[in-house]
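Let's take a tour of a protein fold, one piece at a time. Have the structure open and follow along.

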Amino acid sequence: MSSSFTDRILFGGDYNPEQWPRKVWEEDMALMRQAGVNLATVGVFSWAMLEPTPGVYEFGWLDEVLDLLHANGIGVALATPTASTPPWMNHRWPETLPQNPDGTIRTYGSRNAYCPSSPVYREFADKISEALAARYAHHPALRMWHIGNEFGTVCHCDRCAARFRTWLQVRYGDLDGLNEAWGTAFWSQRYSEWAEVIPPRQVQYVINPTQDLDYQRFVSDLLLGGFVAERDIVRAHNPAIPVTTNFMGFFKGTDSWRWAREEDLVSVDIYPDPNDPDAARDGAMAHDLTRSLGGGKPWLLMEQSPAGAGWRHVATPKRPGLNRLWSMQAVARGADGVLHFQWRASMQGAERTHGAMVPHAGPDSRVFREVCQLGEQLARLGDVIGTRVTAEVAVLHDWDAWRAVELDHQPHSGFRYLDRMREYYTPLWRANITADFAHPEADLSTYKLVVVPNLYQVTDVAAANLVRYVERGGHLVMGPFSGVSDPDERIRLGGHPVPFRELLGLRIEEYWPLPDEPLTLESAELGDFTAATWAEWLTAEGATAVATFTSGPLSGIPAVLRNAYGEGTAWYVATLPEPAALARILASACAAAGAEPVLAGLPPRVEAIRRGDKVFLLNHEDESVEIRDL
Ligand code: GLA
Ligand code: GLA
């Protein structure tokens, strides 16, 4: 059975009519109808227009906008306008402003100038959410609530410190628990009373890593509390209206596994760089993550630019056809809607150069003509609505592992978590083997292959989950520097990777980061190849060496190993192989696991996805290709 939050593919974008005189609104309606727009995101940054002075609301203009949209058959994603405070709030209550780690204040004049712990901010935010919900929760145009915008504001003030302490008390119980977890025997950091405990601020030297990590966790939870508060307010007025907020894909600041559980539908903003040859891969990754966050349910592409992204160093527009291609990619990977930032290009303000569906040139433009075409094409895809994408491969992704591996004083400061994710995802994507992302503690039993690009920090539960998965016949490929620390960022002792040593059949004595000169490796099975940046001084304890270093300080030491464990097989890759070699490793693991491409033998850079009973073929080359005999 299929189900979705919509009965037609949603198409449209952020609509900011408050930036324009009334006569432009009329033109907007005509152009939206012409383009096939059926959803407008309204009110995201309207707080100062809706509440020009404290407690005084002016909803008249928004009434008109919603009525106008409705009269034109266009639905509304109505935002709580709480991402950006009006200047009166920050001016009259300066304590609402966010504080940097060095104690300086970020002031107003941009956006997102609020401290998430500020009771003044919270009270005004709740009140305007309440007023909006009371007025519009049953408006016939309303399709969904859009809470705030791209949550991610971090503050280090004293109020946040107090909230942090409460969060820590819940996590650790008492101060002994905190001292133990944070390892405060180190550098004389032992706390004698709770009042001493503060956020990571400007310090003389390296900050306590667990303090840093816990603050990142806390901030995500604190922001989530703001989302939940507003969600509950709007939901109370009409539980039938779904609630979402726009995620930013692989954004480190919010643990979207935890957030997605609180949403009725998951939505995402993505801005792949048209100049980046791997941009389509990045899009696919963000789509797959968004789908996975929602447990496979249809999701919504809330924002993309139809042309260029004004904030980029080189804001090259999307070439003709590219916005359609990337929009189709989102639908293929499970989206039931494609929206843009924004409808009409702003004439003024910080984002006056950002691309839009109606560009500065007006409707007589390439961009608008392509928008109209896209609207037409999406309207014809109605029968994919609610259908699912199924994946035989899971790529594990965990925000804590990401945060932890990028803390200070890791063996290689250039070791970036997302680089590992991309390196392992890319060959799967190129081979048209569809992957979900999964949390390390998730049920993995439906997957033929589990890929773990990097899982530096791991909970006992997650470790046992992976071991059990392989024991019961699963296939697993694990990348380097995994299984190192526990959730308190305590290194697990006795030879790495402690929780996976038996699973992988090996023991690591030392991690061996290196400068980026290539090392050579030999492998009868994979062919010889090179690797760089990272090696590990390890001994096989049951695993078979598949590739071995033939140069550098670790010459003779295995770098790729395979171990039969229980009913299954586990690979370990203790270095960063050149892309072609990593592709061979993953191809071999996929073949052994029986994980099949959607279609085999397609030309390079032709992407294939199966959604429901349809196969989407997307050509990422400029030249057209001919495909026969599928
Ligand atoms: C210095 C300090 C030590 C230690 C080492 C290693 O020598 O005196 O406490 O921090 O550096 O970083
Ligand atoms: C984000 C925001 C939008 C806009 C766009 C373009 O996605 O949510 O308000 O700023 O970026 O920069």
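What follows looks at a sheet, one of its strands, the helices packed on it, and a helix from elsewhere in the chain.

## The big picture: a sheet

Before we start, keep in mind that this is a predicted model. In it you'll find an open sheet of 10 strands, with the order 11-10-12-13-20-19-18-15-16-21 and mixed pairing. The edges belong to strand 11 (435-438) and strand 21 (576-577), each of which pairs on one side only.

What holds a sheet together? Its strands pair through backbone hydrogen bonds, and they can do that either parallel or antiparallel. For a parallel example, look at strand 13 (residues 475-478) and strand 20 (residues 568-573), which are joined by 4 bridges. Here Leu476 has Ala570 of strand 20 as its bridge partner.

## Zooming in on strand 15

Strand 15 covers residues 519-522, and its side chains take turns. Leu519 and Leu521 point to one face and are buried, while Thr520 and Glu522 point to the other face and are not buried.

Which strands does strand 15 pair with? One is strand 16 (residues 529-532), an antiparallel match over 3 bridges, in which Leu519 partners with Ala531. These two strands make a hairpin with 6 residues between them, and Gly527 in the turn has a positive phi of about 85°. Another is strand 18 (residues 544-549), also antiparallel to strand 15 and joined to it by 2 bridges. There, Leu521 stands opposite Phe549.

## Helices against the sheet

Now back to the sheet, to see what sits against it. Helix 15 (residues 460-471) packs on the sheet and touches several strands, including strand 10 (393-396), strand 12 (449-452) and strand 19 (558-565). The direction of helix 15 makes about 135° with that of strand 13.

Then there's helix 17 (residues 579-593), which lies across strands including strand 16, strand 20 and strand 21. Helix 17 runs at about 165° to strand 13.

## A look at helix 1

Finally, jump to residues 22-35, where helix 1 has 14 residues. From first C-alpha to last, helix 1 reaches 20 Å, close to the 20 Å expected at 1.5 Å a residue. Right after helix 1 comes Gly36, with a positive phi near 80°.

Which residues of helix 1 are buried? They are Val24, Trp25, Asp28, Met29, Leu31, Met32 and Ala35. Among the elements covering them are strand 1 (10-15), helix 3 (60-71) and helix 12 (366-379).

Technical notes:
Residues numbered from 1 in each chain as written. Chains lettered and ligands numbered in written order. Predicted model: local features only at pLDDT ≥ 70, side-chain atom pairs only at ≥ 80, totals over all residues. Heavy atoms only, no water. Buried < 20%, exposed > 50% of the residue type's maximum accessible area, 1.4 Å probe, protein only. Pairing = 2+ DSSP bridges. Contact = heavy atoms within 4.5 Å. Axes fitted to C-alpha atoms, helices over the stretch in contact; angles between N-to-C directions. Expected span 1.5 Å × (residues − 1).
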